[in-house]
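Hi,

Here is the structure I said I would pass on. Have a look at it first, and my notes come after.

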Amino acid sequence: MAYHSDLENLDEDGYTQLYFNSQGITRKTVVLEKGVPEVPSSSCPPNWIIHEKSCYLFRTSLESWKSSKIQCSQLNSNLLKIDSPKELEFIIKQVSSQPNNSFWIGLSRTQPERPWLWEDGSTFSSNLFQIRSTATQENPSSNCVWIHLSIIYDQLCNVSSYSICEKQLLK
Ligand code: MG
């Protein structure tokens, strides 16, 4: 599995990322070029991995769940949604090469009492996998989900982690 730490700098489907450095402060500005609509593709962008009907990006920058979600959407994708045992198997295989890292996926809840929801608003089914709880007395509300090796855990949303973006290919 290839990791490209410079991936965030690439021009990507209508976005141009410009870097300015003034007085020691680096600012990243994302400019959306008008008139470049996102066209569903039948192939994956460079650095994305194709599997079945989706492209996957294993992002190796450390960010909160929400920031990771925004980064995926800026790449015209969403945080990973695991739909099938086959997809789960693929993802586990990929992340197993990164035993020291966890990856945010597109599963979250607003409060511990509320249901787990995927980014498309669909509810999570525990038939596919279990979410292992990391809740403690000090940290009772872990409302975001990451995968580490073959295990999927809830976690505090503001913890910094790698993440997985998914975009569907043209059917
Ligand atoms: Mg999926």
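Below is what turned up on the magnesium site, the disulfides and the largest pocket.

One thing before you start: this is a predicted model.

**The magnesium site**

The magnesium ion takes its protein donors from four residues: Lys81 through O, Asp83 through OD, and both Glu87 and Glu166 through two OE atoms each. The distances run from 2.1 to 2.7 Å. Along the chain the donors are spaced as K-x1-D-x3-E-x78-E. That last gap is the one to look at: glutamate 87 is in helix 2 (residues 85-95) and glutamate 166 is in strand 10, 79 residues apart, so this pair links distant parts of the chain. Both of these glutamates are buried.

Why is the arrangement of the six donor atoms irregular? The angles they subtend at the magnesium ion range from 52 to 141°, and an octahedral call would need opposite donors over 155 degrees apart. For reference, six ideal octahedral donors would give 90 or 180 degrees. Do keep in mind that water is not among the atoms, so the site may look incomplete.

**The disulfides**

Searching the whole structure gives three disulfides. Counting bonded cysteines along the chain, they pair up as 1-2, 3-6, 4-5.

- Cysteine 44 and cysteine 55 are joined with an S to S distance of 2.1 Å. The link is left-handed, at -90° about the S-S bond. Cysteine 44 sits in the loop between strand 2 (25-32) and strand 3 (49-51), and cysteine 55 in strand 4 (residues 54-63), so the bond ties together parts eleven residues apart in sequence. Cysteine 44 is partly exposed at 22% relative accessible area, while cysteine 55 is buried at 1%.

- Cysteine 72 and cysteine 165 have their sulfur atoms 2.0 Å apart, and this link is left-handed too, with -85° about the S-S bond. The pair connects distant parts of the chain, from cysteine 72 in helix 1 (residues 65-74) to cysteine 165 in strand 10, 93 residues away. Cysteine 72 is buried, with a relative accessible area of 0%, and cysteine 165 is buried with a value of 0%.

- Cysteine 144 and cysteine 157 also have their sulfurs 2.0 Å apart. Is this one left-handed or right-handed? The torsion about its S-S bond is about 100°, so it is right-handed. Cysteine 144 belongs to strand 8 (residues 144-148) and cysteine 157 to the loop between strand 9 (151-155) and strand 10, so the bond ties together parts 13 residues apart in sequence. Cysteine 144 is buried at 2% relative accessibility, whereas cysteine 157 is partly exposed at 28%.

**The largest pocket**

The largest pocket holds about 190 Å³ of space. Its lining is made up of Asn78, Leu79, Lys81, Asp83, Glu119, Asp120, Glu166, Lys167 and Gln168. By class, that is six charged residues, two polar and one nonpolar. Which strand gives the largest share of the lining? Strand 10 does, with three residues. Strand 5 (78-79) and strand 10 (161-168) each supply at least two.

There is a link back to the metal here: Lys81, Asp83 and Glu166 are among the lining residues, and these three are also among the magnesium donors.

Strand 10 keeps coming up as you go through the model: glutamate 166 of the magnesium site is in it, and so is cysteine 165 of the link to cysteine 72.

Best wishes

Definitions and conventions
Residues numbered from 1 in each chain as written. Predicted model: local features only at pLDDT ≥ 70, side-chain atom pairs only at ≥ 80, totals over all residues. Heavy atoms only, no water. 1 Å grid on protein atoms, 1.4 Å probe; cavity = no way out; pocket = protein on both sides within 12 Å on 5 of 7 lines; lining within 4 Å. Points joined across faces, edges and corners; volume = space filled by probe spheres on them. Helix = DSSP H or I, 4+ residues; strand = E, 2+ residues; numbered from the N terminus. Nonpolar A, V, L, I, M, F, W, Y, C, P; charged D, E, K, R; others polar. Donors = N, O, S within 2.8 Å, 3.2 Å for Na, K, Ca; no water. Tetrahedral: all angles 85-135°; square planar, octahedral: opposite > 155°, others 65-115°. Buried < 20%, exposed > 50% of the residue type's maximum accessible area, 1.4 Å probe, protein only. Disulfide = S-S within 2.5 Å.
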